[in-house]
Amino acid sequence: MKRILSLAIIATMVASPVFASGKGDVEAGKKVFKKCVACHTVDGSTKKKSGPSLDNLYGRTAGTLEGFKFSKAMIAAGAEGWVWTPETFEAYLVNPRKAIPKNKMAFAGLKKEEDIINVEAYLLTFSPDFVMGEGDEDDSDDKDEDKKSD
Ligand code: HEC
């Protein structure tokens with residue numbers, strides 16, 4: 001579980017070291033989402049499309065939305081601890097096939113970091129229960145470095 005999360009973080013860093021998670025522009029993201037609407041719905045739509053609904057995406061474990069037939073790869077990623085947060089979303093959207101090999105989303109990814117953080121912001125508006133920072137792996141508490149060295 002830790003391994004897959006670190007891979008996601010590494011993937012994010014390799015693609016772009018400065019993702020401004022949570023700082024995207026919702027209106028611009030709405031336009032970027034036009035690239036996703038062929039396969040995904042949001043806003044409570046029950047219309048069946050080839051991809052899962054992205055309502056309440058953040059905080060959800062990959063491959064677990066009820067009623068959607070995910071690939072084995074996506075289900076396995078979820079079982080190993082892949083939860084959708086802005087960070088994992090970024091890692092996935094940079095290069096979906098590389099982030100979760102053999103997942104069945106037929107989409108090459110978004111080339112521009114800007115587009116990713118904007119669509120991320122747009123989708124955040126459809127995840128009203130998600131709190132930023134929740135679900136992050138926090139390894140900092142065991143290394144309580146005290147800067148007062150004198
Ligand atoms: C050609 C269709 C298609 C397009 C275009 C597409 N997706 Fe997907 N997406 C899918 C499919 C199919 C899956 C399920 C993958 C699996 O089960 O392996 C998926 C899965 C996902 C998931 C995981 C959802 C979950 O519940 O685990 C996210 C997040 C996602 N897509 C985001 C996006 C975004 C954002 C865009 C636009 C920038 C996009 N997708 C464009 C088909 C598409």
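Pro101, in this predicted model, counts as exposed because its C-beta neighbours inside 10 Å number 10, and the cut-off for an exposed residue is 12 or fewer. Pro101 belongs to the loop that joins helix H5 (96-99) to helix H6 (113-124). Its C-alpha atom lies 8.6 Å from that of Met74, a residue 27 places away in sequence.

The loop between H5 and H6 also holds Lys102, whose phi is near 70 degrees, a positive value in a residue other than glycine. A second case is Asn56, which is not a glycine and yet has a positive phi of about 50 degrees; Asn56 is placed in the loop between H2 and H3. Most residues other than glycine have a negative phi. The table sets out the surroundings of three loop residues.

| Residue | Loop | C-beta neighbours within 10 Å | Class |
|---|---|---|---|
| Asn56 | H2 to H3 | 17 | partly exposed |
| Pro101 | H5 to H6 | 10 | exposed |
| Lys102 | H5 to H6 | 11 | exposed |

**Overall fold**

The protein contains six helices and zero strands, so that its elements, read from the N terminus, follow the order α-α-α-α-α-α. Of the 150 residues in the protein, 30% are buried. When contacts between residues at least 6 apart in sequence are considered, 66% of them join residues at least 24 apart.

**The enclosed helices and the core**

Which residues of H4 are buried? They are Pro86, Glu87, Thr88, Phe89, Glu90, Ala91, Tyr92, Leu93 and Val94, and because these amount to nine of the nine residues of H4, the helix is largely enclosed by the rest of the structure. H6 is likewise described as largely enclosed, because nine of its 12 residues are buried; the buried residues of H6 are Ile116, Ile117, Asn118, Val119, Glu120, Ala121, Tyr122, Leu123 and Leu124. These buried residues of H6 pack against helix H2 (26-32) and H4. The length of H6 agrees with expectation, because 12 residues at 1.5 Å a residue should span 16 Å and the end C-alpha atoms are 16 Å apart.

In soluble globular proteins, nonpolar side chains tend to be buried together. Here the largest nonpolar core has 26 residues, and those with the most contacts inside it are Trp84, Tyr92, Leu93, Ile116 and Leu123. At least two residues of this core come from each of H3, H4 and H6, and H6 gives the most, with seven residues. Tyr92 and Leu93 are among the buried residues of H4, whereas Ile116 and Leu123 are among those of H6. Once its neighbours within four places in sequence are left aside, Leu93 is in contact with Gly109, Leu110 and Ile116, and the last of these is also one of the core residues with the most contacts.

**Around the ligand**

The shell around the ligand comprises 28 residues, of which Cys36, Cys39, Gly51, Ser71 and Asn103 come nearest. Helix H3 (72-79) and helix H4 (86-94) are the elements that give two or more residues to this shell. Sorted by class, the shell has 19 nonpolar, six polar and three charged residues. H3 and H4 therefore appear in two settings, since each gives two or more residues to the ligand shell and each supplies at least two residues of the largest nonpolar core.

Definitions and conventions. Residues numbered from 1 in each chain as written. Predicted model: local features only at pLDDT ≥ 70, side-chain atom pairs only at ≥ 80, totals over all residues. Helix = DSSP H or I, 4+ residues; strand = E, 2+ residues; numbered from the N terminus. Buried ≥ 20, exposed ≤ 12 C-beta atoms within 10 Å, placed from the backbone. Contact = placed C-beta atoms within 7 Å. Near = placed C-beta within 6 Å. Nonpolar A, V, L, I, M, F, W, Y, C, P; charged D, E, K, R; others polar. Core = buried A, V, L, I, M, F, W, Y, C linked by C-beta atoms within 7 Å. Expected span 1.5 Å × (residues − 1).
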